[in-house]
Amino acid sequence: MKLRNLQGFHKNVFYFTSAAFSLMFLISSASSLIMPTEAKRSLYLMFNVMLTLMLYPPVRGKGGQEKIPAYDYVLIGLSVLTFVYWLVTYRHFATVARGMANRVDFYMGIVCILLLIESARRVLGPILLGVGGIFMLQLYFGPYMPGIFAHRGFSLFRIIEFLYRTTDGVFGSIASTFSTYVLPFIIMGAFLEVSGAGEFFIRLSLSLTKGWAGGPAKVAVIASAIFGSISGSSTANVVATGTFTIPMMKRVGFEPEHAGAIEAAASTGGQFLPPVMGAGAFLLATLTETPYVTIAKMNVIPALLYFFWVGAMVHFHAKKYNIGSLPDEEIPKVSLVIKEGWFFIVPIVLVFVMLFSGQSVE
């Protein structure tokens with residue numbers, strides 16, 4: 001997926017919006033300032049739609065533009081209008097209006113849902129859009145559906161009202177989970193990545209695997225486990241660690257396809273390793289009404305077993321094809337690496353302490 005390469009004024013608009021998005025939720029999470037759950041949900045979705053429209057072109061593969069087109073600025077304005085309208089009028093809708101939507105709510109809901117659909121299409125492509133569209137059609141064509149899919153059916157007005165005006169549709173528990181738990185951890189992982197944590201973890205893994213068979217491949221496993229535990233994203237894990245580990249693996253004798261497969265397998269496991277894990281863990285906690293701390297504790301042993309067996313397969317493959325490690329003079333000393341970047345370990349340790357002491361990691 002090619003993104004826009006924003007420059008000048010348009011780049012500043014994107015950076016300002018991103019900074020406002022991050023600071024707003026970080027301040028509300030790390031201070032005594034309490035943001036109502038309705039505000040968190042609506043602002044979280046609003047900023048996501050705005051940033052998507054700024055960065056992703058409407059046609060996949062047509063990236064590289066240095067400006068945000070005028071039509072996307074119009075869509076951004078509409079997104080602000082619909083989400084702010086929901087936030088401002090929600091209390092009146094839930095109390096005074098007693099859940100009775102009006103025509104303005106209906107049209108605002110249509111615009112909001114179309115903007116969310118377009119954002120999802122730009123980022124994820126048409127497949128997810130098609131799946132969601134099938135379920136929305138099932139709501140309307142219920143009387144004509146066979147078997148267990150049949151129901152009385154809902155009018156378009158009722159569907160839009162449920163999806164837009166209530167806290168069970170667009171602004172439901174999923175939006176609440178991401179705005180409350182997932183976003184702060186994503187920001188922390190991004191901060192560590194751009195501050196050099198990814199390189200530190202790779203150097204630390206490299207120093208720990210000195211002299212091991214298939215050393216760079218085991219570096220990929222260890223580094224992906226450490227970095228994945230704080231990023232919670234397989235994609236970010238591959239980008240942060242694979243850039244360094246894949247060339248090293250190829251250099252010592254791994255075939256390109258084997259190097260890519262090892263990095264992909266190791267990075268995928270990063271989203272299973274606490275404390276952060278992937279977004280799926282937060283959704284699991286929300287949908288099953290299980291505390292996130294419990295989910296994280298249950299995942300420690302399976303995640304460690306996963307990385308153990310990925311490392312074991314790397315070892316067996318290296319032994320089979322007689323693949324060694326990098327020359328000793330190119331591998332830094334453990335003590336020197338820790339001395340230069342010990343502070344990168346502190347945030348991970350703190351999160352682990354809070355997590356397993358039963359305190360909130362929100």
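**Contacts along the chain.** I started with how far apart in sequence the touching residues sit. Among contacts in the protein chain with a separation of 6 or more, 75% join residues 24 or more positions apart. I note here that this is a predicted model.

**Overall make-up.** Next I looked up the secondary structure, and I found 15 helices and zero strands in the protein chain. I then took the extent of the C-alpha trace, which spans about 70 × 50 × 45 Å along its principal axes. For burial, I wrote down that 43% of the 362 residues are buried. The exposed surface of the chain comes to about 19000 Å², and carbon and sulfur atoms supply 69% of that area.

**Charges.** I looked up the charged side chains too. The chain carries 26 positive and 18 negative ones. The centres of the two sets lie 4 Å apart.

**The largest pocket.** I went looking for empty space next. Rolling a probe the size of a water molecule over the atoms shows where such space is left. The largest pocket holds about 2300 Å³. I got 46 residues for its lining, and the closest to the pocket centre are Y44, N48, T52, V123 and F178. Which elements give two or more residues to this lining? I listed α1 (8-30), α2 (37-55), α4 (103-124), α5 (126-140), α7 (173-194), α9 (215-231) and α10 (234-252). The top contributor is α7, with 11 residues.

**S267.** I moved on to a serine in helix α11, which covers residues 256-269. Is S267 buried or exposed? I have S267 down as buried, because its relative accessible area is 0%. Setting aside neighbours within four places in sequence, I found S267 in contact with S224, S234, N237, V238 and T241.

**G278.** This glycine is in the loop between α11 and α12 (279-288). I count G278 as buried because its relative accessible area is 3%, and the cut-off for buried is under 20%. Leaving out residues up to four places away in sequence, G278 touches G232 and Q271. I also checked G278 against V182: the two are 96 residues apart along the chain, and their C-alpha atoms are separated by 8.3 Å.

**G196.** Another loop glycine, this one between α7 and α8 (197-208). I put G196 down as partly exposed because its relative accessibility is 24%, and that class runs between 20% and 50%. How far apart are the C-alpha atoms of G196 and A240? I read 9.7 Å for this pair, with their positions 44 residues apart along the chain.

**D168.** I found this aspartate in the loop between α6 (156-165) and α7. With 58% relative accessibility, D168 counts as exposed. I paired D168 with M24, which is 144 residues away along the chain, and their C-alpha atoms are separated by 24 Å.

**N322.** Last, I checked a backbone angle. Most residues other than glycine have a negative phi. N322 has a positive one, near 55°. Where does N322 lie? I placed N322 in the loop between α13 (292-320) and α14 (334-341). N322 is exposed as well, so I noted its relative accessibility of 71% against the cut-off of over 50%.

Notes: Residues numbered from 1 in each chain as written. Predicted model: local features only at pLDDT ≥ 70, side-chain atom pairs only at ≥ 80, totals over all residues. Heavy atoms only, no water. Helix = DSSP H or I, 4+ residues; strand = E, 2+ residues; numbered from the N terminus. Buried < 20%, exposed > 50% of the residue type's maximum accessible area, 1.4 Å probe, protein only. Contact = heavy atoms within 4.5 Å. Areas by Shrake-Rupley, 256 points an atom, 1.4 Å probe, with all protein chains shown as cover. Lys, Arg positive; Asp, Glu negative; His and termini not counted. Charge placed at Lys NZ, Arg CZ, Asp CG, Glu CD. 1 Å grid on protein atoms, 1.4 Å probe; cavity = no way out; pocket = protein on both sides within 12 Å on 5 of 7 lines; lining within 4 Å. Points joined across faces, edges and corners; volume = space filled by probe spheres on them.
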